[in-house]
Amino acid sequence: MSSLPLPFLPGNSPKKHLGKERFHKSQHCNHSSGLPLLVGHEKPGIGGELLFGQMITPKYSVFPKEQGGDLPSWVAFDKEILCFEAFFQEAVPEAQHETYRIRKCRIYFHLEDDTIQVVEPEYKNSGIPQGRFIHRQRVPLPPPNNDHYYHIYHFNINQQMVLYSRTFTVIDCDSFTRTFLTKLGVILNNPATVPDDPYSKHREEIEKSMKPLRPYERCDTLKQFLDHDCEVLRFNCFWDDKENVFTDPRELTLHYHLGDDTIEIMEINPANSGRDTVPKFLRRSKLPKNCSPVKQPGQATDRTVLNVIASARQEQRYMLDSLKTGAVHDEFYKDRDLTVGGEVNVWGRRVIITDCDAFTKDYYRSKYGIEDFTPVVYKAPPDPIPKRRVPPYNGFGSEEDSLSYCHRLLPRPPQKDFYKFMERSDVVNVLNFSAKMVTTNPDDMQRVFTISFFLSDDSICVFEQPKKNSGIVGGKFLKRGRVKKPNQELFKSEPSEYFKAQDLYVGATICLSSVHFQVLDATEYTFNYMEEHAEEFPKANVGNILSKLRSFPEEKQSEIRAFLTLSDPSSTGFISYQSFRGLLTGLGCGLSEHEVLVLGRSFSQRQQPEVDVSLILAVAQDFLKKNRFEDFPHMDRAFTQRDQHKTGRLSTKETRTICKAVHLPLPEKLLASLLGKFADGDEIDYHAFLAGINWVENDAPPVLPEDRLKFVVDSRSNGGGAAVGRVNFSSLLTGVFSSPSSSGDPTSATRTPAPGGR
């Protein structure tokens, strides 16, 4: 029973696109240079289906993409290449001595992408462009299979391959290629040989005939060059030219190059010598010991050629002289011939070596064991240069400005110490002292002055503190500038001496603009700076002070111990600073007021007065009000965002960073005090911190201007830094008088904390 076709009606015919998901259409046309072209002749139809009669060239020569290991081929076979030795025969139709040529090459097969590269080794004087013969690419098979490409199974030994219409014969491969193909199951053929090339064989015979039967001996100097390249021995010498009239010793510098045993000499012409300056006295070359006439080219050779048969009828024959009877042996100067005090014959000129540098001395000391390098004195020592006398100061302008007119015709402004200015140009690098006027006038004795010394340029300014109902207007007493020391001659040639930082200390009496001042006190920053830089300030050097105390006689030391013991009836080991100061000043120990203060500060503990938290918050809110700062919600969001664990706490460093980021208008000292009050260890409760400074919701009472100044003016510029509490005299006695011989480290005594206050 034959099957009848179903009628072509809906529901009776199979659905062609059933289960199909791709319906895209490939692009077959494009525009190039404004012209429509058909560019997709190899592209499939709708949904990737091939058109009628269309064949797609496979992208993978051996294995499909879905087969193989998990790693892609460009990772699994990265930098793995198969190497084959091959040759091809090239016809030479226009040559007279050859009809064909055998050209050797190497075929590289890259496993990662089945690409092939052919490289021909370069031969000297071949006359043929050699090197890369076929660039790396996928090579198609010869027709009619030119739609497929070579893959790994097309390669074997002792077979022919056609690459772009040129027949290559594969003769051998390397060990890696042999092992790889064997693991793939490829049965390799036996290696083949390269046929002889008649023209190449003819050229080899010509080259062999050109080589002498007895080659010249080779003198290898490469090792000496590699070992001693750029190493030069330097000698000071002079040319003793006494034979000529009106001559003097000519100073020379001799350089001996250890890399090739060559010598060069340069002449040193002193100023106003009247001689022309030449680049070199002797160019770099080997210097012979015996001065002989210059030989003509070819006259001096290492080997001699002997005429064995000299006849007009027969061909002349020559041979090399193995005995070297005609060789010329010239002796040249070596490093062993150059010594201090020795003579060198420089083409008939007598040169005497006088001295050498440090490297040359080390070289001769290590190689030849020479220790005597006494310089040769050949001329009288130069006359001392007379000191340049400077005319005295005439009173016009500053001394430095007037001195610049004496140094050059076109004067330049005086140069300042730029490095000192950059290092200490900050505002904090100012030493402040409180002083009073030394006078018999009772009105002037009550005046209080502040002397500021600027470390950047050693300038001084004096400011008088205003005092109510005194009848004296306070303010600037002395403008900032360098101040000369008193009792100096005005019109003199030597530069004047100015006050330095070491001249200012507590207890010193200085004269500023004909007014005598006595330094009474200094700020805490001044004391700390002088103690940190004790090597610059002798009065603040604890080691020097302790050395002075150790140098006292035994009677005075016993007196100091007895007084200190009587001043402490409770045997606590501490006495007041006033008693300590009265002891050192009353016994005539030779210590200044500043040294006594430094000694008391080293063996005591000072307590800073506590500031009320409510006052700090009130001052902070006053600053925020006047600067109209109301961005507290933004600070709250910043604190919450930084608090990743939602603990309500942040570190002090993070809190300070956020305050700086939102530009909180508070002075540095006030912000530091505020963070210190809210700090619990290293963390701060930022909710309490925001609630305290939020003047919009929690307004604090107004503050006085004096309270604002406490946080505006830094403590480094405030007075009262010399306040010393109780002195631990027991530690002082143990560190000073108990071991008088211990002078190794006088600064071993450090500050001992006292349990009590002042």
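What follows is a conversation about how some terms apply to this predicted model.

Reader: Let's start with the whole chain. How many helices and strands does the protein chain have?

Author: The protein chain has 20 helices and 27 strands. Of its 758 residues, 33% count as buried. Among contacts between residues at least 6 apart in sequence, 57% join residues at least 24 apart.

Reader: Why does Ser 452 count as buried?

Author: Buried means under 20% relative accessible area. Ser 452 has 10% relative accessibility, so it counts as buried. This serine is found in strand β18, residues 448-454.

Reader: What makes the pair of Ser 452 and Asn 432 a polar contact?

Author: The cut-off is a pair of N or O atoms within 3.5 Å. The side chains of Ser 452 and Asn 432 make their polar contact at 2.7 Å, so the distance meets that limit. Leaving aside neighbours within four places in sequence, Ser 452 is also in contact with residues including Val 430, Leu 431, Ser 459, Ile 460 and Cys 461.

Reader: How do you know that β18 and β19 pair?

Author: Pairing needs at least two bridges between the strands. β18 and strand β19 (residues 459-464) have 6 bridges, so they count as paired, in the antiparallel sense. One of the partnerships puts Thr 450 with Phe 463 of β19.

Reader: Which sheet do these strands belong to, and what makes β20 and β21 its edge strands?

Author: They are part of an open sheet of 6 strands, in the order β20-β19-β18-β17-β22-β21, with antiparallel pairing. β20 (475-481) and β21 (509-512) are the edge strands: each pairs on one side only. Neighbouring strands of this sheet are turned by 30° against each other on average, direction ignored.

Reader: Where does helix α9 lie?

Author: Helix α9 (residues 524-532) lies across β17 (430-437) and β22 (515-522), and runs at about 120° to β17. Its buried residues are Tyr 525, Thr 526, Phe 527, Tyr 529, Met 530 and Glu 531. They pack against β17, β22 and α13 (593-602).

Reader: Now the other open sheet. Why is one side of β6 and of β7 left without a neighbour?

Author: That sheet has 6 strands in the order β6-β5-β4-β3-β8-β7, with antiparallel pairing. β6 (131-137) and β7 (159-163) stand at its edges with a single partner strand each, so one side of each has no neighbour in the sheet. From one strand to the next, the twist averages 30°. Helix α2 (residues 175-183) packs on this sheet, touching β3 (81-91) and β8 (166-173), and its direction makes about 110° with that of β3.

Reader: How do you know that β5 and β6 are partners?

Author: The requirement is at least two bridges. Strand β5 (residues 115-120) is joined to β6 by 4 bridges, so the two count as paired, and they run antiparallel. Within this pairing, Val 118 has Ile 134 of β6 as its bridge partner.

Reader: What makes strand β10 mostly covered?

Author: Of the 8 residues of β10 (residues 250-257), 7 are buried. β10 is joined to strand β9 (residues 232-239) by 8 bridges, running antiparallel, and Arg 234 has His 255 of β10 as its bridge partner. β10 also pairs with strand β11 (residues 262-267) in the antiparallel sense, over 6 bridges, where Tyr 256 stands opposite Ile 263. The hairpin of β10 and β11 has 4 residues between the strands, and in it Asp 261 takes a positive phi near 60°.

Reader: Why are α14 and α17 called oblique to each other?

Author: Helix α14 (residues 613-626) and helix α17 (residues 668-678) pack at about 135°, with their axes 10 Å apart. Roughly perpendicular covers 65 to 115 degrees and roughly antiparallel starts over 145. The angle of about 135° fits neither class, so the pair is oblique. α14 passes α17 in a left-handed crossing. The contact involves residues including Ile 616, Ala 620 and Phe 623 of α14 and Leu 670, Leu 674 and Phe 678 of α17.

Reader: And what makes α17 and α18 oblique?

Author: Helix α18 (residues 686-693) packs with α17 at an angle of about 130°, with the axes 10 Å apart. That angle also lies between 115 and 145 degrees, so α17 and α18 are oblique. Their crossing is right-handed. Leu 674, Leu 675 and Phe 678 of α17 make the contact with Ala 688, Phe 689 and Ile 693 of α18.

Technical notes: Residues numbered from 1 in each chain as written. Predicted model: local features only at pLDDT ≥ 70, side-chain atom pairs only at ≥ 80, totals over all residues. Heavy atoms only, no water. Axes fitted to C-alpha atoms, helices over the stretch in contact; angles between N-to-C directions. Contact = heavy atoms within 4.5 Å. Buried < 20%, exposed > 50% of the residue type's maximum accessible area, 1.4 Å probe, protein only. Polar contact = N/O pair within 3.5 Å; in protein donor to acceptor, adjacent residues only side chain to side chain. Parallel < 35°, antiparallel > 145°, perpendicular 65-115°, else oblique. Left-handed = near helix turned anticlockwise from the far one by under 90°.
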